[in-house]
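Welcome! Here is a friendly look at how some helices pack together, followed by a brief stop at a loop.

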Amino acid sequence: MVHELLTINNNRVNLSHVKGISKELKEVVLSAEHDEFYANNLYLNFGEIGQTIKELMEEFQKKAKKHQKVESIADMKNFVETYPLFKKLSGTVSKHVTVVGELSSLVEKHHLLQVSELEQELSCQSDHSMQLQKIKELINNQQIRDIDAVRLVMLYALHYEKYTNNDINGLLNLLKSRAVSEKYIKVYKNYFDLTFDKFDIVDKFQD
């Protein structure tokens, strides 16, 4: 998900486009080898990540409170001994809260939860009328990314290709009307060229 929405290049994520980002967080490193939190949560879904981030914040807040109280020599000694770990935890919290915060913004902006839910419905359920209406609504929403709009139409075509009253052509026309990038159209056409010998929907963009 991080790679799809933000792009990971050599374990680095560029966040310089994020409004108000601090200098230290303009580029962050996500490496399972050097980042325990990242390694432990690498394969969790977006909802689960939200919970683990909350737990990480709570752990940090508890340790931060301990560092606020330095009154005795023993407190000072303990502070000096634990400060490197505290500083490391602080950096981990800042990095992951920033990354997840940006992911959350993109999920909301591009309605990715709705897109994901509909993708699952198209894969596992058959309710043509309702699913067709949802796809049309999402395609007509300019906040939806081109790649997500095309993917929904591909899933619909796979599911309802042999359905008598399918509206594949209508959905393709909707994609054309929103001026979907040519690179995504090629993905669509190439996939169905390989999948169906007599599937003529790949030619509709030539009309």
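## Helix packing around α6

Helices α6 and α7 run roughly antiparallel to each other, because their angle is over 145 degrees. This is a predicted model, in which local features need pLDDT of at least 70, side-chain atom pairs count only at pLDDT 80 or more, and totals for chains, interfaces and linings use all residues. Residues are numbered from 1 along each chain as its sequence is written, and side-chain values use heavy atoms, with hydrogens and water left out.

The table sets out the two packings of α6 (residues 128-139).

| Pair | Angle | Axes apart |
|---|---|---|
| α6 and α7 (residues 146-160) | about 160° | 10 Å |
| α6 and α8 (residues 168-177) | about 10° | 10 Å |

The α6 and α7 crossing is left-handed. On the α6 side, H128, Q131, L132, I135, L138 and I139 make the contact (heavy atoms within 4.5 Å), and A149, L152, V153, Y156 and Y160 meet them from α7. Sorted by class, this contact has nine nonpolar, two polar and no charged residues.

With its angle of about 10°, α6 is roughly parallel (under 35 degrees) to α8. Here L132, I135, K136 and I139 of α6 touch L171, L174 and L175 of α8. Six residues of this contact are nonpolar, none polar and one charged.

Now for the loop. V18 sits between β2 (12-14) and β3 (27-29). V18 counts as buried (under 20% relative accessible area, with a 1.4 Å probe and protein chains only) because its relative accessibility is 16%. V18 and T98 are 80 residues apart along the chain, with 9.2 Å between their C-alpha atoms.

Technical notes. Axes fitted to C-alpha atoms, helices over the stretch in contact; angles between N-to-C directions. Helix = DSSP H or I, 4+ residues; strand = E, 2+ residues; numbered from the N terminus. Parallel < 35°, antiparallel > 145°, perpendicular 65-115°, else oblique. Nonpolar A, V, L, I, M, F, W, Y, C, P; charged D, E, K, R; others polar. Left-handed = near helix turned anticlockwise from the far one by under 90°. Buried < 20%, exposed > 50% of the residue type's maximum accessible area, 1.4 Å probe, protein only.
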